[in-house]
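Hi everyone, thanks for coming. I'd like to walk you through one structure today, with a couple of residues and a couple of pockets along the way. Let me put it on the screen.

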Amino acid sequence: MAHLIVDGVKVTYHVAGSGPVCLAHPGGPGIHYDYLRMPRLEEHLTMVYIEPVGTGASDLLPDGDYSMEKYAYYADQLARHLGEEKVFFLGHSHGGFVALQFALDHPERLRGVIVYDAMAFNGPELGEEAYRQVEAYAARRPAGDPLAEQVVQAWKEDSGVDKVAHLDSLRRLLPVYFRDFEEIEPRIADWLATVDLTIDPNRQPSLWDVRDRLADIGVPALVLVGAHDFICGEKWARQLHDGIPGSELVVLPASGHFGHLEEPEAFVGAVLRFATS
């Protein structure tokens, strides 16, 4: 663990591996970085896992302004601190939003951007579509299935205000994040234990939409998505791919929201092909 101070705010990060530098920004907002550890990528890239402001061992922002521009700003300051002229930036879920903002605000800093299970907007439309997918998930399950009932109830109960309650809801929601949770659960026990989050009660709402700016992204871009991702699905990945000039799209056919766990070989292969091309 290491940290730097930016404008009086502590930003914590973790470095693992060797090779070209790749900043890795987790999702949430507020989900701790541990779930995104990718040891296979660390064999080829120097992975710098960011604990974003308002998350984990990094400081909360006094004004509660966690805009995408702010997240991108702190990531740029970290890249400068590392002494890197250019880096790769891998952002997952909400971190993928930040990756897009970074590509718009700091293109001179990028060798390439990897947008992993994300979309180009954040707001009510996201939640409405996600709930439709939760209902569709429940409908695919057998009648009276306890896992389906657990997922729907967790979605309805999650207020996102209290850490204990929010973390409990997230853990009960996890089945819908995977293509086949019952199959993979025995193999990810250690990973499940890493899932944690930080809540800043002062966090301000952050509506964000760059769909009309995707054509301005001029750096190499890889869009990665799980075909069964309920919240940042293929529909939105194709919108990114269609909007970002020259982007590459990789759909992981047997994955939900966590392709690096569900299809690790295909995930790592796609990232390394992109990074070395």
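**Two residues and two pockets**

Let's start with threonine 46, which is buried, its relative accessible area being 13%. That counts as buried because the value falls under 20%. Before I go on, a quick reminder that this is a predicted model.

So where along the chain are we? Threonine 46 belongs to strand β4, which covers residues 46-51. What does the side chain of threonine 46 reach? The partner is the backbone oxygen of glycine 19, at 2.7 Å. Glycine 19 also turns up among the contacts of threonine 46 once neighbours within four places in sequence are set aside. That list reads Val15, Ala16, Gly17, Ser18, Gly19, Pro20, Val21 and Cys22.

My other residue is histidine 106. You'll find histidine 106 in the loop that links α3 (94-105) to β6 (110-116). Is histidine 106 buried or exposed? Buried: the relative accessible area is 12%, and the cut-off for buried is under 20%. If we don't count residues up to four places away in sequence, histidine 106 touches Ala72, Tyr73 and Asp76.

Now for the pockets. Rolling a probe the size of a water molecule over the atoms shows where empty space is left.

The largest pocket has a volume of about 1,300 Å³, and 42 residues line it. If you want to find its centre on the screen, look for Gly28, Pro29, Asn122, Asp158 and His166, the lining residues that lie nearest to it. Which helices supply at least two residues each to this lining? They are α2 (68-81), α3, α4 (124-140) and α6 (163-173), with α6 giving the largest share, three residues. As for chemistry, the lining of the largest pocket divides into 24 nonpolar, 15 polar and three charged residues.

The second largest pocket holds about 260 Å³ of space. Its lining has 14 residues, and those nearest the centre are Arg37, Met38, Pro39, His260 and Leu261. Here α1 (39-42), α10 (259-262) and α11 (264-276) each contribute at least two residues. Which helix gives the largest share of this lining? That's α11, with four residues. The lining of the second largest pocket splits into eight nonpolar, two polar and four charged residues.

That's my tour. Thanks for listening, and I'm happy to go back to any part of it.

Methods:
Residues numbered from 1 in each chain as written. Predicted model: local features only at pLDDT ≥ 70, side-chain atom pairs only at ≥ 80, totals over all residues. Heavy atoms only, no water. Buried < 20%, exposed > 50% of the residue type's maximum accessible area, 1.4 Å probe, protein only. Contact = heavy atoms within 4.5 Å. 1 Å grid on protein atoms, 1.4 Å probe; cavity = no way out; pocket = protein on both sides within 12 Å on 5 of 7 lines; lining within 4 Å. Points joined across faces, edges and corners; volume = space filled by probe spheres on them. Nonpolar A, V, L, I, M, F, W, Y, C, P; charged D, E, K, R; others polar. Polar contact = N/O pair within 3.5 Å; in protein donor to acceptor, adjacent residues only side chain to side chain.
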